[in-house]
Amino acid sequence: MKLEKGSISSKDLMFSVFCFMQGTVLRSGFIISVTRQDSWAMAITGFLLTLPILAVYTGLLRKFPGKNLIEIDDIVFGPVFGKILSALYLFFFVSLAALNTRDLGNFVAGYMMPETPIAAVTLVFLVGCAYALRKGIENLMHLSVLFTIIAMGALAVNSILLLKDVQPEFLKPFFQLKFPEFVQGTVSVAAVPMGEILAFTMITPMLEKGKKAGKPLLLGLALSAASMVFVIMRDIITLGPLVAIVSLPSFESMRYVSLAGILTRMESIYAVVLVILFLFKVSILLYAFVLGLTQMLSGKSPPRANPDHKGQSCETEQLQGQHSAPPLMLISVAFVFFYSLFVFESMMENMNWGATTAPFFSLTFEFLLPAVSLLVVCLRKIGKAQEVGA
């Protein structure tokens, strides 16, 4: 892994957010199992619920331009309590990496190579993530544009080929959800795929000088929400009542594709795209975890709570320039590997956790802790007001 000093553009950040979320969008079974034919609406309400969460992130970034989440914790809460809070964020990042790695293992071992041990699948996958980070996080984020083109191109082609099988009446009756189910679906979408962009607060200090983080984060979320509405509606009108039963509706939809009996097995394209997006997402989460761990273990004195500090930072850049961390990277990959093997016993257990417990688990880290930090910042009147938001 190379923690190099460098810069990323707003465009790279926007498409990286899109790619980061697409892996979850394409496996929307945990949402549809609860909200059925109204699931597409949850993508819209979930996006709206995410806006206050994004406002908290941009509020912190505006107060501490050029700082990442770990550095902000040290400034706001001091070297001791700040590191305790940072350790909680690192636990969240590494847990997300393990959960997504397990999801990838379940998918490959369950649908593509059923006789392959899941441990072999996850090991090869994590080696791929480590290799991607070894080449540099900048290069990975530059590739987000290409990954977006591949994902959207595959989605467009598959959807066109499914047109002959769709039945729009499967969307009816509209809005039959009970209020608790509506709330559950909305919170699940806001917490599980969308709020996970918290990981990008570790990367935004690498934006080009003078670039603002709020707008690309918002646009990335909006594009993902639009894609989610489209994918879920397509799966509903293709599969009908079956959509609430299967664990991977998009994968099952692809199995319907058959053009003159020649062009079949289009689910293979879906599988390749999903693996690429999983690799991108887990690599981002691993980067956030290793960078944060490197900063916590570096022994550098945290910056003082000085309202006059400049936004050019930055401890992040200094660490990126001074510390390459291959041992930490390898240790982290090994930890995620074993963590992913024991986190869930089956895909159904994973889906049930995603639909019930995951929103509360995730929102603790995605909203509660950052909101407390922003509240303390406002009460102590520290940080520097600077426009970052959209």
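This briefing describes selected helices and one serine residue of the structure. The model is predicted. Its topics are the packing of helix 1 against helix 11, the span of helix 9, and the surroundings of Ser-95 in helix 4.

**Helix 1 and helix 11**

- Helix 1, formed by residues 10-25, packs with helix 11, formed by residues 267-297, at an angle of about 120 degrees.
- The axes of helix 1 and helix 11 lie 8 Å apart, and the crossing of the two helices is left-handed.
- On the side of helix 1, the contact is made by Ser-16, Cys-19, Phe-20, Gln-22, Gly-23 and Thr-24.
- Helix 11 contributes Leu-274, Leu-277, Phe-280, Lys-281, Ile-284 and Leu-285 to this contact.
- Sorted by class, the residues of the contact between helix 1 and helix 11 are seven nonpolar, four polar and one charged.

**Helix 9**

- Helix 9 comprises 26 residues, numbered 214-239.
- From its first C-alpha to its last, helix 9 reaches 37 Å, which is close to the 38 Å expected at 1.5 Å a residue.
- Gly-240 follows helix 9 and has a positive phi, near 65 degrees.

**Ser-95 in helix 4**

- Ser-95 belongs to helix 4, which covers residues 69-112.
- Ser-95 counts as buried because its relative accessibility is 1%, and buried means under 20%.
- The side chain of Ser-95 reaches the backbone oxygen of Phe-91 at 2.7 Å.
- When neighbours within four places in sequence are left aside, Ser-95 is in contact with Tyr-339 and Phe-361.

Definitions and conventions. Residues are numbered from 1 along each chain as its sequence is written. This is a predicted model: local features need pLDDT of at least 70, side-chain atom pairs count only at pLDDT 80 or more; totals for chains, interfaces and linings use all residues. Side-chain values use heavy atoms; hydrogens and water are left out. Axes are lines fitted to C-alpha atoms, for helices over the stretch in contact, and angles run from 0 to 180 degrees between N-to-C directions. Helices (H or I, at least four residues) and strands (E, at least two) are DSSP runs, numbered from the N terminus. A crossing is left-handed if the near helix is turned anticlockwise from the far one by less than a right angle, and right-handed if clockwise. Contact means heavy atoms within 4.5 Å. Ala, Val, Leu, Ile, Met, Phe, Trp, Tyr, Cys and Pro count as nonpolar, Asp, Glu, Lys and Arg as charged, and the others, Gly among them, as polar. The expected span of a helix is 1.5 Å times one less than its number of residues. Buried means under 20% relative accessible area, exposed over 50%, partly exposed in between (1.4 Å probe, protein chains only). A polar contact is a pair of N or O atoms within 3.5 Å; within protein, one must be able to donate a hydrogen and the other to accept it, and residues adjacent in sequence count only if both atoms are side-chain atoms.
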